[in-house]
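Visitor: I'm a first-year student, and I'd like to know where the labels people put on a structure come from. Could you take me through one?
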Amino acid sequence: MYVIPFSMGPLGSPLAKIGIQLTDSEYVVSSMRIMTRVGKKVMDILGDGHFVRCLHSVGYPLGPGREDVPWPCNPENLIVSHFPATDEIISFGSGYGGNSLLGKKCFALRIASTIARREGWLAEHML
């Protein structure tokens, strides 16, 4: 598993929101590094503060006798759940970016909408 502390917005900005994603996907690690600000500086800024909890697994554990595949996933057991009351996201079985890069669509639009309502601002998502 990989731990990805990330910031949606400039580090230290009062407008930035922080998340921490756990994942078993190297693709997710690489992509989140490209699309968000990640690393120790995010943890330093976070301290004991609030963050969105993001948990992802492609749902394809490797074990004895199981062959690695180029794009691991588990479409028969796919689930993506948002918990806006607790600012949590869980994704299992998908390697698709919208379902695995949880800082993007899941956090940036869906969870951010409820955070915005609580804090009095507007979340919008542009393609």
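Guide: Here is a tour of the sheet, the cores, the cysteines and a few single residues, in a model that is predicted.

Visitor: Let's begin with the sheet. What is the order of its strands?
Guide: Reading across, the order is β3-β1-β2-β4-β6-β5, an open sheet of 6 strands with mixed pairing.

Visitor: What makes β3 and β5 edge strands?
Guide: Each has a single partner strand, so one side of each has no neighbour in the sheet. β3 covers residues 37-38 and β5 covers 79-83.

Visitor: How do you know that β5 and β6 pair?
Guide: Two strands count as paired if there are at least two bridges between them. β5 and β6 (residues 88-92) have 5 bridges, in the antiparallel sense, so they pass. One example is Ser-81, whose bridge partner in β6 is Ile-90.

Visitor: And why is the pairing called mixed?
Guide: In general, strands of a sheet pair through backbone hydrogen bonds, either parallel or antiparallel. Look at β2 here: with β1 it pairs in the antiparallel sense over 7 bridges, while 4 bridges join β2 to β4, and those two run parallel. Leu-22 in β2 shows both sides: it stands opposite Val-3, and its bridge partner in β4 is Leu-55.

Visitor: What makes you say β2 is largely enclosed?
Guide: Count the buried residues: 6 of the 7 in β2 are buried, so the rest of the structure largely encloses this strand.

Visitor: Which helix packs on the sheet, touching β1 and β2?
Guide: That's α1, which also touches β3 and β4. The direction of α1 makes about 25° with that of β1.

Visitor: Let's pick one residue in β2. Why is Gln-21 called buried?
Guide: Buried means under 20% relative accessible area. Gln-21 is found in strand β2 and has 0% relative accessibility, so it counts as buried.

Visitor: What does the side chain of Gln-21 reach?
Guide: The backbone oxygen of Ser-100, at 2.8 Å. The Gln-21 side chain also reaches the backbone nitrogen of Leu-102, at 3.3 Å. The cut-off for a polar contact is 3.5 Å, so both distances fit.

Visitor: Now the nonpolar core. Which residues touch the most other members of the largest one?
Guide: Met-32, Val-52, Cys-54, Ile-89, Phe-107 and Ile-111, out of 13 residues in that core. The elements giving two or more residues are β1 (2-8), α1 (26-35), β4 (52-57) and α4 (103-119). α4 gives the most, with 4 residues. There's another core apart from this one, with 5 residues, including Ile-20, Val-42, Leu-46 and Phe-51.

Visitor: Cys-54 came up there. How many disulfides are in the whole structure?
Guide: A search finds 0.

Visitor: Why can't Cys-106 count as bonded to Cys-54?
Guide: A disulfide is a covalent bond between the sulfur atoms of two cysteines. The cut-off is 2.5 Å between the sulfurs. For Cys-106, the closest cysteine sulfur is the one in Cys-54, at 7.9 Å, so that is too far for a bond.

Visitor: And what about Cys-73?
Guide: Its closest cysteine sulfur is in Cys-106, 16 Å away, so that's too far as well.

Visitor: Are Cys-73 and Cys-106 buried or exposed?
Guide: Cys-106 has a relative accessible area of 0%, so it is buried. Cys-73 has 29%, which lies between the 20% and 50% cut-offs, so it is called partly exposed.

Visitor: What makes Lys-40 exposed, then?
Guide: Exposed means over 50%, and Lys-40 has 61% relative accessibility, so it qualifies. Lys-40 lies in helix α2 (residues 40-46). The C-alpha atoms of Lys-40 and Pro-5 are separated by 7.5 Å, though the two are 35 residues apart along the chain.

Visitor: One more: where does Asp-87 lie?
Guide: In the loop between β5 and β6. With 3% relative accessibility, under the 20% limit, Asp-87 counts as buried.

Visitor: How do you know that Asp-87 and Arg-118 make a polar contact?
Guide: Their side chains are joined at 2.7 Å, and the limit is 3.5 Å, so the pair counts. Among the other residues Asp-87 touches are His-50, Phe-51, Val-52 and Ile-111.

Terms used. Residues numbered from 1 in each chain as written. Predicted model: local features only at pLDDT ≥ 70, side-chain atom pairs only at ≥ 80, totals over all residues. Heavy atoms only, no water. Core = buried A, V, L, I, M, F, W, Y, C linked by side-chain atoms within 4.5 Å. Buried < 20%, exposed > 50% of the residue type's maximum accessible area, 1.4 Å probe, protein only. Contact = heavy atoms within 4.5 Å. Axes fitted to C-alpha atoms, helices over the stretch in contact; angles between N-to-C directions. Polar contact = N/O pair within 3.5 Å; in protein donor to acceptor, adjacent residues only side chain to side chain. Lists of a residue's contacts leave out its neighbours within four places in sequence.
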